[in-house]
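Let's take a walk through this structure together. Keep the viewer open and follow along as we go.

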Amino acid sequence: MSFLLFGSRSSKTFKPKKNIPEGTHQYDLMKHAAATLGSGNLRLAVMLPDGEDLNEWVAVNTVDFFNQINMLYGTITEFCTEESCPIMSAGPKYEYHWADGHTVKKPIKCSAPKYIDYLMTWVQDQLDDETLFPSKIGVPFPKNFLLIAKTILKRLFRVYAHIYHQHFSEVVQLGEEAHLNTSFKHFIFFVQEFNLIERRELAPLQELIEKLTAKDPR
């Protein structure tokens, strides 16, 4: 754990990649998702493959989005500091306060890096919980699985929203904007396909969403 000695906050926020175990059905699904994504047709890539279980498909993609957002945020952590982002916001009209319903029951106001650290740690805990995200064949998903996934995706969206509103110029400087746009477009097509995030939650990036998902962008 020597990297922690440097006291770099970015290493703390940058969570370990969540791996889906090889040899599992979910691993095969992930391979299928990656292959379809490679075709460049994002609308096709998000559709439930024939004969597959919706919970399993949502689980595999939720893990993938966690890893993608984790990586994208990891590239700009040096710009997202207590000083530059004292509140977790997505533009002047949207501010997020953190609560997870367990350890933090009452929403607290905190800086963006703190909020995102709380959020990514919380998501990671959910993904690692075998009772919520079973990786073993034959272990059933909980009855409220889609509700759990919706909460995770709703919160992950806030990281995209913060990056776009507060750090897009740095993303451009780093040459990462195509990567960010593709990842976000994939995310939006996915949540729209299965109705996983309410429209009002997407409001901070509504214009961008319309632009990215237009059938034939001008």
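What follows is a tour from an annotated site, through a helix and a loop, to the aromatic rings.

One thing to keep in mind as you look around: this is a predicted model.

Start with what the records offer. An unreviewed UniProt entry carries the annotation "binding site" for Cys80, Cys85, His162 and His167. These positions span 88 residues in sequence, yet no two of their C-alpha atoms are more than 9.9 Å apart, so they gather at one spot.

Zoom in on the two histidines there. His162 belongs to helix α6, which runs over residues 145-173, and His167 is in helix α6 too. Are they buried or exposed? His162 has a relative accessible area of 0%, so it counts as buried, and His167 is buried as well, at 1%. Setting aside residues up to four places away in sequence, His162 touches Cys80, Cys85 and His167 from the annotated set, and its other contacts are Met88, Ser89, Ala90, Ala112 and Ile116. The side chain of His162 also makes a polar contact, reaching the backbone oxygen of Ser89 at 2.8 Å. His167, with its neighbours within four places left out, is in contact with Ile76, Phe79, Cys80, Cys85 and His162.

Two of the contacts of His162, Ala112 and Ile116, lead us to helix α5, since both are among its buried residues. How does the length of α5 check out? At 1.5 Å a residue, its 17 residues should span 24 Å, and the end C-alpha atoms are indeed 24 Å apart, so the two values agree. Of those 17 residues, 12 are buried, which means that α5 is largely enclosed by the rest of the structure. Besides the two just named, the buried set includes Tyr115, Asp117, Leu119, Trp122 and Gln126.

Step back to Ser111, which sits in the loop between α4 and α5. With a relative accessibility of 5%, Ser111 counts as buried. Beyond its neighbours within four places in sequence, Ser111 is in contact with Glu82, Cys85, Pro86, Ile87 and Met88. Cys85, one of the annotated positions, is thus on the contact list of Ser111 as well as on those of His162 and His167.

The loop between α4 (54-76) and α5 (112-128) also holds Trp98. Its relative accessible area is 2%, so Trp98 is buried. Not counting residues up to four places away, Trp98 touches Val104, Lys106, Pro107, Ile108, Cys110, Tyr115, Tyr118, Leu119, Trp122 and Arg155. Two of those contacts are worth a pause: the charged end of Arg155 sits over the ring of Trp122, 4.4 Å from its centre.

Now for the aromatics. How many aromatic pairs does a search of the whole structure find? The search turns up 15. In one of them, the rings of Trp98 and Tyr118 have their centres 6.2 Å apart and their planes at 15°, so the pair is stacked. Because Trp98 lies in the loop between α4 and α5 while Tyr118 is in helix α5, this pair ties together parts that are 20 residues apart in sequence. The C-alpha atoms of Trp98 and Tyr118 are separated by 7.7 Å. Tyr118 has a relative accessibility of 30%, so it counts as partly exposed.

Tyr164 and Phe168 give another stacked pair, because their ring centres are 5.7 Å apart and their planes meet at 20°. Here both partners are in helix α6, 4 residues apart, about one turn of the helix. Tyr164 is buried, with a relative accessible area of 11%, whereas Phe168 is partly exposed at 29%. Both also belong to a cluster linked by ring pairs, along with Phe65, Phe157, Tyr160, Phe184, Phe187, Phe190 and Phe194.

Two last stops. The charged end of Arg43 sits over the ring of Phe189, 4.1 Å from its centre. Then there's Asn195, in the loop between α7 (177-193) and α8 (206-213). Asn195 has a positive phi of about 55°, although it is not a glycine. Its relative accessibility is 59%, so Asn195 counts as exposed.

Key
Residues are numbered from 1 along each chain as its sequence is written. This is a predicted model: local features need pLDDT of at least 70, side-chain atom pairs count only at pLDDT 80 or more; totals for chains, interfaces and linings use all residues. Side-chain values use heavy atoms; hydrogens and water are left out. Buried means under 20% relative accessible area, exposed over 50%, partly exposed in between (1.4 Å probe, protein chains only). Contact means heavy atoms within 4.5 Å. The expected span of a helix is 1.5 Å times one less than its number of residues. UniProt positions are given in the numbering used here, feature names are shortened, and annotations may be inferred rather than shown by experiment. A polar contact is a pair of N or O atoms within 3.5 Å; within protein, one must be able to donate a hydrogen and the other to accept it, and residues adjacent in sequence count only if both atoms are side-chain atoms. Rings of Phe, Tyr and Trp (its six-membered ring) pair if their centres lie within 6.5 Å; planes under 30 degrees apart count as stacked, over 60 as edge-to-face and the rest as tilted. A charge sits over a ring if NZ of Lys or CZ of Arg is within 6 Å of the ring centre and within 35 degrees of the ring normal.
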